[in-house]
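Please open the model in a viewer and keep the selection tool at hand. The tour proceeds by successive selections.

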Amino acid sequence: MNQNIWVLMTGDSVALATTLILAALGALFTERTGVLNLGVEGVLLTAAISSFIAADSSGSVWVGLIVGSLAGALLAGIHAILAVVLRANQIVSGLALVIFGTGLANYLGKPYEGKTISVKLTDMTFGPLTDIPLLGPILFEQDIITYVALAAAVFSSLYLFRTRPGLEVRATGDDPATVDAQGLMVSTIRIRYTLFGGLLMGLGGSWLMLAESAAWHQAATTNGVGWIALALVVFASWRPIRLVLGAVLFGFTLQLPYTLQAENITFIPQAFLQMVPYVATLISLIALSRPGSTNALGAPKSLGVPFVRDER
Amino acid sequence: MRAPFRLQFEQRTETPRRLGVLVPLISVLAALFAGALFLLATGHSVGDTYSNMLSDGFFSSTGITDTLGLSTVLICTGIAAAFAFQMNLYNIGGEGQLYVGMIGATWFGLFFGENLPSFIMIPLVLIGGALCGAAWIAIPAWVRARLGTSEIVTTLLLTYVAASLVNHFIYRSGSYFRAPNSMFPQGRQVPDSAMLSPIGDTKMYPTFFVIVLLSLALHWVVRRTEFGYRIQVISDSPRAACYAGISARRTTVQVMLISGGLAGLGGATLIVGSFQRLDPGIVTLGYGYAGIVIAALARNNMAAVVVSGILFAGLRSGGDKLQISTDTPIHIGVMLQGAILLFALGGEAFRRYKIRIVRTPAVGSEVTA
């Protein structure tokens, strides 16, 4: 293989990883407070079409990114109300969000089917740095949101493990009763980070639309990235830095079929290449599992369990 | 920074019976109301959309038979989801198990159909589809039971793999499942012996009655048999089950295999019914995902799944016909499904708790309370 294809493959992996990092970080914050939001796929789709419509009608990618992120937070807000306030079954609520979000996105996207967007998020260049062979195009020729996503992961790690509010987040997910006894409002913290998580997912979905796809293809726009993001959080044992590594790895498998096809390498049937990311995720999930306890992975201890204070 | 009021939840010791009917009913109405607001906001006629959906879905003779025809597969994926959900096993990959069930059913139909009579072929194709659906969930079931790997993610990931398989079998030239000598990639029709004819002039097939009977039978299994009792004990209290010597591991695998088999059976009913061939279009229809909503709305009650399945089939079929009758995007049907489930989930809280809004006492008095 020549050098170009390697640049293409790794560069695209880093780029594709952006959505994964943002969506998975969103899920990570949500889950760290003990709320399981399985609705990522629906949130991504709704955010994607919202950003499409906003960017296309305003002519600005930034408006698109903001509107898309807010749409993500809004949808996550539904989950927050059901899961935190009304103590509904979080799994079913998340699934309902996927169905609702997919329907909503397809409904809103109907007039835009097959149309390409008029504006696009462009790659940044860093002059001489970009010209470095091999490394330059991989590291210094991405768009701004990719760098934002990487920075967000680093900051998230510092925030969660080095600050007081971060400690509160982790404590809420592990032991809400103690947090409550400390006089903090468990439900407020959970709602806040579910919304924040939705905002990050929304940014990820908008980026997917504005930088990667540029056209609305209904559910194929995300093609299961939301589910891979959820698996990625488990894969990363709820740690932001590991999450970035995993995202680049999964990003690599996601772009593989397209790059190989573009390079006319066709001895492996396309369908099997398309399976690679899902099978790879599946195998890594199984490999990380241990018999007996799921806590070996580092899952927040009250994940998916509504907090009920003993009320007098 | 405290809100001036908070919600106080009081667990109901006994749920009034009227709430069992009222809450789902109000959920559906509330979802329709939210949908109406949404239609208005996006500039579509509420009256036209809903009246067309209702008449095409339920209140016309072709409408209701189309609905019952479509409900066959939806009830199947509904009981598939409900059967696993009731043991807190969230098989949400019914969609993929349905695809593989279709592939399997088609294979049995094509391979044996030329030589065997119809009364053997139909059960063979149905059972073949169910077995393949069960096979598709075997790995998630086994690792869930052995290693505790979340079945939610694994079953879902395999759905994407199954979708690629369906495409592979149709788009690859020279594939066994592909119609030979056809310009367009499309599936090869199964022989006549592996097909049922619709009832009269409708789109209903006799499989509808089989599936309804199967749902009632499963309802009986869950309520009245030792196996059903085991499932109840494990889902209520895994520890108690362990002390009672019930193997949660074995039951987990059994329940998941049955769940996958039911979803696969759903795929097979399509082959002996309206599809008659492996059709890649199936991956856009979302029948498996709809099963999750149907099960949740029926609160995992096998008999109630029949009702919620028919309700959803009506919404779906009425929604799909909107394309012809109005300019409203057909996706309003799926949106309403999601909305109904969201409202039903919210309503669940009112069924389980008495919810009261109380003023938060002034800061300070709370500490001494």
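The stops below take in the contact between two chains and then two helix pairs. The model is a predicted one.

**Between the chains**

Begin by displaying chain A and chain B together, and select the residues at their contact: 50 residues come from chain A and 51 residues from chain B. About 4400 Å² is buried between the two chains, with 76% of this area on carbon and sulfur atoms. On the chain A side, highlight Ile99(A), Tyr107(A) and Trp227(A); these residues lose the most area to chain B, and together they account for 17% of what that side buries. A search for salt bridges between chain A and chain B gives a count of zero.

**Within chain A**

Next, select helix α3 (residues 61–85) and helix α10 (residues 186–213) of chain A. Their axes lie 6 Å apart, and the helices pack at an angle of about 145°. The crossing of α3(A) and α10(A) is right-handed. Colouring their contact residues by type shows 14 nonpolar, eleven polar and one charged.

**Within chain B**

Finally, move to helix α4 (residues 94–112) and helix α6 (residues 151–171) of chain B, whose axes come within 7 Å and cross at roughly 30°. The helices α4(B) and α6(B) are therefore roughly parallel to each other, and their crossing is left-handed.

Show the side chains at this contact. From α4(B), the participants include Tyr99(B), Val100(B) and Ile103(B); among those they and their neighbours meet in α6(B) are Ala162(B), Leu165(B), Val166(B) and Phe169(B). The residues of this contact divide into eight nonpolar, four polar and one charged.

Definitions and conventions:
Residues numbered from 1 in each chain as written. Chains lettered and ligands numbered in written order. Predicted model: local features only at pLDDT ≥ 70, side-chain atom pairs only at ≥ 80, totals over all residues. Heavy atoms only, no water. Axes fitted to C-alpha atoms, helices over the stretch in contact; angles between N-to-C directions. Helix = DSSP H or I, 4+ residues; strand = E, 2+ residues; numbered from the N terminus. Parallel < 35°, antiparallel > 145°, perpendicular 65-115°, else oblique. Left-handed = near helix turned anticlockwise from the far one by under 90°. Contact = heavy atoms within 4.5 Å. Nonpolar A, V, L, I, M, F, W, Y, C, P; charged D, E, K, R; others polar. Buried area = accessible area lost by both parts, 1.4 Å probe. Salt bridge = Lys/Arg side-chain N within 4 Å of Asp/Glu carboxyl O.
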